[in-house]
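Trainee: I'm new to this one. Could you show me how to read it, feature by feature?

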Amino acid sequence: MIVAVALLGRGNGPLYLRAFGDHAKDDLRFHFIAHAALDQLDDKLAARRAAASAASTAASSSLDSYIGMLYPIDSMRVYGYLTNSRIKLLTVIDDEEVKEAQMRAFFRRLHQVYVETVSNPFFDA
């Protein structure tokens with residue numbers, strides 16, 4: 001079950017953070033979790049870039065936006081996704097097994113909703 005969702009901008013500032021269910025009162029905790037996830041996300045991206053530069057240039061052009069599980073914390077897991085415009089999408093879920101295909105599909109849909117929202121001329125941030 002999804003516990004929280006966070007969108008972080010290019011400068012790592014929170015664009016949106018929402019906790020769900022019983023965790024809705026723990027907004028400050030999820031701010032901490034989201035910002036702690038940024039370190040892990042940067043480490044994974046650096047490792048991907050190093051691996052891609054060591055491999056062929058054709059492989060480096062097809063880096064996946066889905067980062068995967070960033071780290072476990074307490075009884076939760078944090079997953080990440082990076083858009084082409086450097087917007088970071090983070091999801092905190094209960095400590096249950098999640099299929100990678102489900103998380104990829106969720107992040108693609110979340111990214112699509114984000115793009116549709118900011119592309120709306122009537123949307124006011």
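Mentor: Sure. Start in the sheet, with one pair of residues: G80 sits opposite L90 in β5. Keep in mind that this is a predicted model.

Trainee: How many bridges join β4 to strand β5, and which way do they run?

Mentor: Seven bridges link β4 with β5 (residues 88-94), and the two strands run antiparallel. They make a hairpin with five residues between the strands, where R86 has a positive phi near 70°.

Trainee: And what joins β4 to strand β3?

Mentor: Six bridges do, and β3 (residues 66-73) and β4 are antiparallel too. One partnership to look up is I73 with M76 in β4. This hairpin has two residues between its strands, and D74 in the turn shows a positive phi of about 50°.

Trainee: Are the faces of β4 covered or open?

Mentor: For a strand, check one side and then the other. In β4, M76, V78, G80 and L82 are buried on one side, and R77, Y79 and Y81 are buried on the other. That makes seven of seven residues buried in β4 (residues 76-82).

Trainee: Now a helix. Why do residues three or four places apart point the same way?

Mentor: An α-helix has 3.6 residues a turn, so residues with that spacing share a direction. In α1, the buried residues are F30, I33, A34, A37, L38, L41, L45 and A52.

Trainee: What should the 28 residues of α1 span?

Mentor: Take 1.5 Å a residue: α1 (residues 27-54) should then span 40 Å, and its end C-alpha atoms lie 41 Å apart, which agrees.

Trainee: What about empty space? How many cavities of 30 Å³ or more turn up in the whole structure?

Mentor: A cavity is closed off, while a pocket is open. The search finds one cavity of that size, with a volume of about 30 Å³. Its lining is A4, V5, A6, L17, F30, A34, L90, T91 and V92. Two or more of these residues come from each of β1, α1 and β5. So you meet L90, the residue opposite G80, again here.

Trainee: And how much space lies in the largest pocket?

Mentor: About 300 Å³. It is lined by 11 residues, and L7, Y16, Y114, T117 and F123 are the closest to its centre. The largest share of the lining, five residues, is from α3.

Trainee: What kinds of residues line the largest pocket?

Mentor: Sort them by type: 10 are nonpolar, one is polar and none is charged.

Terms used:
Residues numbered from 1 in each chain as written. Predicted model: local features only at pLDDT ≥ 70, side-chain atom pairs only at ≥ 80, totals over all residues. Heavy atoms only, no water. Helix = DSSP H or I, 4+ residues; strand = E, 2+ residues; numbered from the N terminus. Expected span 1.5 Å × (residues − 1). Buried < 20%, exposed > 50% of the residue type's maximum accessible area, 1.4 Å probe, protein only. Pairing = 2+ DSSP bridges. 1 Å grid on protein atoms, 1.4 Å probe; cavity = no way out; pocket = protein on both sides within 12 Å on 5 of 7 lines; lining within 4 Å. Points joined across faces, edges and corners; volume = space filled by probe spheres on them. Nonpolar A, V, L, I, M, F, W, Y, C, P; charged D, E, K, R; others polar.
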